[in-house]
Amino acid sequence: MMKISHWEYSSIFLIIGILSTILYVVVGVYEVNNSNRISSSEKVLWTIGFIMFSFFVGLFYLISGRRKVA
């Protein structure tokens, strides 16, 4: 929205948002794939979910899935 409105420093906020999203996707995928508590098929599903639907899967992972994986 800031970029569309041509606000000053909107590019910086956009870059920070993209980098933080990439960071938590990488951390989530790393944590899921190094877990010994879930099967390999679940690891694949979590990985695909993090890549395709990062925001929703990230929230779901924090709320309910992390206890099972970590």
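Me: In this predicted model, what makes α1 and α2 roughly antiparallel or roughly parallel, given how their axes cross?

Reply: Happy to walk through it! The axes of α1 and α2 cross at roughly 180° and come within 9 Å. Angles over 145 degrees count as roughly antiparallel, so α1 is roughly antiparallel to α2.

Me: Which residues make α1 and α2 a pair in contact?

Reply: From α1, the residues V25, G28, V29, V32 and N33 meet K43, W46, T47 and F50 of α2. Contact here means heavy atoms within 4.5 Å. By class, the residues of this contact divide into five nonpolar, three polar and one charged. Gly is counted among the polar ones, which is worth keeping in mind for G28 of α1.

Me: And why is α2 called roughly antiparallel to α3?

Reply: Much the same kind of reasoning. Helix α2 (residues 40–52) and helix α3 (residues 54–69) have axes that cross at roughly 150° and come within 8 Å. The cut-off is over 145 degrees, so α2 is roughly antiparallel to α3. The handedness of this crossing is left-handed.

Me: What makes up the contact between α2 and α3?

Reply: On the α2 side there are E42, W46, G49, F50 and M52, and they meet S54, V57, G58, F60, Y61, G65, K68 and V69 in α3. These residues divide into seven nonpolar, four polar and two charged.

Me: How do the axes of α1 and α3 cross, and which residues make the contact?

Reply: Helix α1 (residues 10–33) and α3 have axes that come within 11 Å and cross at roughly 35°. The crossing is left-handed. On α1, T21, Y24, V25, E31 and V32 make the contact, and on α3 the partners are S54, F55, G58, Y61, R66 and V69. The tally for this contact is six nonpolar, three polar and two charged.

Me: How do you know that the span of α1 is close to the expected one?

Reply: Set one value against the other: α1 has 24 residues and reaches 35 Å from its first C-alpha to its last, while 34 Å is expected at 1.5 Å a residue. The expected span uses one less than the number of residues.

Me: Which residues of α1 are called buried, and what covers them?

Reply: Those are S10, V25, G28, V29 and V32. The label requires under 20% relative accessible area. Their cover includes α2 and α3. V25, G28, V29 and V32 also appear among the α1 residues that meet α2.

Technical notes. Residues are numbered from 1 along each chain as its sequence is written. This is a predicted model: local features need pLDDT of at least 70, side-chain atom pairs count only at pLDDT 80 or more; totals for chains, interfaces and linings use all residues. Side-chain values use heavy atoms; hydrogens and water are left out. Axes are lines fitted to C-alpha atoms, for helices over the stretch in contact, and angles run from 0 to 180 degrees between N-to-C directions. Helices (H or I, at least four residues) and strands (E, at least two) are DSSP runs, numbered from the N terminus. Angles under 35 degrees count as roughly parallel, over 145 as roughly antiparallel, 65 to 115 as roughly perpendicular and the rest as oblique. A crossing is left-handed if the near helix is turned anticlockwise from the far one by less than a right angle, and right-handed if clockwise. Buried means under 20% relative accessible area, exposed over 50%, partly exposed in between (1.4 Å probe, protein chains only).
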